[in-house]
Amino acid sequence: MEPDVLVVGAGPTGLMLANQLVRRGVRTLIIDRHAGPSRETRALGVQARTLEIYAKLGIAGRALELGKRGTGANLWAQGRKTARVPLGEAGRNLTPYPFILILGQDDSERIMGDKLRDLGGSVAWNTELVGLAQEPGRVAARLRLPDGTEKDIHAAWVAGCDGARSSVRELSEIGFPGAPYEHVFFVADTEATGDMVPDEINVYVWREGFHLLFPMRGKDHWRVVGILPAALHHRDDVTFEDVIPSLRHEAGAGLSFKACSWFSTYRIHHRSAARFRDRRCFLLGDAAHIHSPVGAQGMNTGLQDAYNLAWKLALVVSGRADAALLESYEEERVPVARRLLNTTDRAFRLVVSDSRLAGLLRTKVLARVAAFAMSLERIQKFAFRTVSQIGINYRNGSLAKSLEGLADGAPRAGDRFPWLRLRFGTDGPVEDVFEKLDDTQFNLIVIGQPQPSGGLDLGGLLRIHVVPVDPVNHAALARAQIPEPSFYLVRPDGHVGLCGVRWDAAAVRRYVSESVHLAV
Ligand SMILES: Cc1cc2nc3c(=O)[nH]c(=O)nc-3n(C[C@H](O)[C@H](O)[C@H](O)COP(=O)(O)OP(=O)(O)OC[C@H]3O[C@@H](n4cnc5c(N)ncnc54)[C@H](O)[C@@H]3O)c2cc1C
């Protein structure tokens, strides 16, 4: 059987894409050149938007069981706690997951791998992509199989989820401009005691740089991330014991390490692919963009690339949408990656710069400004929306159409539809809107006006939810600044496609055929 989609790479991005394609009935082949799943923890922070997607896939419960909820982040400067971001409060009413889940990437990959098996899919390990040729209507891919032989297969589409050294990117001759940072990082799994706020993220800024301490499962278990002292840069036998003096020099005698079970050093690059697509081949995750780990965004961004592309590919593969729909993948995800690269780059330069001025800025100015800013609720919410990725929008893309008349401040086309608890029928229970939305279809939310008549079902691709006028609804809608009446057509990935005030069947029909390119 020739697959509709060949997914190259079974890291987090490839596993998410394969899961989303398989559950939408797409014939998918996922391969990885490694012998089995990675055991490296790498990414630790699972953001709220990722957990929302995990919930739609049915794996959020398992992730929450295995992870640790970081409900606050504390900034320390010169031995004093200067600011705290109360993630729990800042994210309340914005998402069912108002925290950052501390969960190793290996656990995330295991959970997604198990889910893929439940759905009837599996990874072809020890299988490497070694050649690509675009042909009319399909791609020829050369695979090196576990026994060392090579075989050509054909797929309608290829998704390069094959990491920073992506073969799909290189074989498609897509550039990856950017540069390495000069600093060398270290990461260590430790048993430590000190003045860290338990169960929260602790960020220490020093004249010399910074250290991040993430709480992990188990007593006194902390993941420490920092910059290797310059004197150790060129040694390739560095151990955690070599780093401890610099940590203790900065933190004082309060910080004490009892054990270190894993230590590693690494260099970081910041790069973005010149394009995220070459005809029938797409780039997602680290294959498309890499940046500093400040902000714990990398893995989460790859997972959202996959969630963005999957529903579009599924509609095109099944013949329900024209391939023109796929143009919106690059249109929507390239700006997200570019913005992320710029912001993480700026933040990173500030926290790692060696200059004396930057050292002062970090420990004096940054600490005070952060303390003041984080005391303001609006800034707390803005920070939460940004870091949790729930604030990502596609307002400027061709799939976003806001009709006239929506008040300023109302959610607009391109935004993630907000998380609300609403009553969907008169006298019905109050329900979580995210649980109501079916992410394999479009969802039409009709607010404060009658159910549309006229048999609009987009060939079985539409679910309609009517939100009646009701005091509970009124309060929840007002909090999200959603006007009554209004209507929101939500795409399968939870972003608003079309919205307006008075229900307009003709506008919906026009939108799905002209913007989404659906064959209805
Ligand atoms: C120390 C560290 C800490 C980090 N912390 C965070 C964090 O807290 N939060 C966060 O969001 N991100 C973090 N990141 C980034 C995160 O690890 C990456 O963004 C993430 O792994 C990207 O996933 P991916 O699936 O796109 O690529 P990868 O995980 O690199 O997976 C690519 C897969 O493709 C396979 N492959 C490659 N070439 C081929 C081929 N030719 N044929 C077949 N298979 C192939 C590889 O074997 C691999 O399994 C961190 C990274 C590092 C190094």
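The crossing of helices H1 and H8 is right-handed in this predicted model. H1 spans residues 12-23 and H8 spans residues 298-317; their axes come within 8 Å and cross at roughly 25°. Because angles under 35 degrees count as roughly parallel, H1 is described as roughly parallel to H8. On the H1 side, the contact is formed by Pro12, Thr13, Met16, Leu17, Gln20 and Leu21. On the H8 side, the residues met are Met299, Gly302, Leu303, Ala306, Tyr307, Ala310 and Leu313. By class, the residues of this contact comprise ten nonpolar, three polar and no charged.

Helix H8 also packs against helix H2 (residues 48-57), at an angle of about 45° and with the axes 10 Å apart. This angle makes H2 oblique to H8. The crossing of H2 and H8 is left-handed, whereas that of H1 and H8 is right-handed. In H2, residues Arg49, Thr50, Ile53, Tyr54 and Lys56 take part in the contact, and their partners in H8 are Asn300, Leu303, Gln304 and Tyr307. The contact of H2 with H8 contains four nonpolar, three polar and two charged residues. Leu303 and Tyr307 of H8 appear in the contact with H1 and again in the contact with H2.

The ligand has 28 residues around it, of which Asp32, Gln105, Ser167, Asp286 and Met299 come nearest. Met299 is also one of the H8 residues that meet H1. For Gln105, an N or O atom of the side chain lies 2.7 Å from an oxygen atom of the ligand. The side chain of Asn300 likewise places an N or O atom 3.1 Å from a ligand oxygen atom, and Asn300 is among the H8 residues in contact with H2. At Leu129 the backbone is involved: one of its N or O atoms is 3.0 Å from a nitrogen atom of the ligand.

A further set of contacts concerns His233, which is located in the loop between strand E16 (221-227) and helix H7 (240-251). Apart from neighbours within four places in sequence, His233 is in contact with Glu182, His183, Val184 and Leu228. Glu182, one of these partners, is 51 residues from His233 in sequence, and the C-alpha atoms of the two residues are 9.7 Å apart in space.

Definitions and conventions. Residues are numbered from 1 along each chain as its sequence is written. This is a predicted model: local features need pLDDT of at least 70, side-chain atom pairs count only at pLDDT 80 or more; totals for chains, interfaces and linings use all residues. Side-chain values use heavy atoms; hydrogens and water are left out. Axes are lines fitted to C-alpha atoms, for helices over the stretch in contact, and angles run from 0 to 180 degrees between N-to-C directions. Helices (H or I, at least four residues) and strands (E, at least two) are DSSP runs, numbered from the N terminus. Angles under 35 degrees count as roughly parallel, over 145 as roughly antiparallel, 65 to 115 as roughly perpendicular and the rest as oblique. A crossing is left-handed if the near helix is turned anticlockwise from the far one by less than a right angle, and right-handed if clockwise. Contact means heavy atoms within 4.5 Å. Ala, Val, Leu, Ile, Met, Phe, Trp, Tyr, Cys and Pro count as nonpolar, Asp, Glu, Lys and Arg as charged, and the others, Gly among them, as polar. A residue is near a molecule or strand if one of its heavy atoms lies within 4 Å of it. A polar contact is a pair of N or O atoms within 3.5 Å; within protein, one must be able to donate a hydrogen and the other to accept it, and residues adjacent in sequence count only if both atoms are side-chain atoms.
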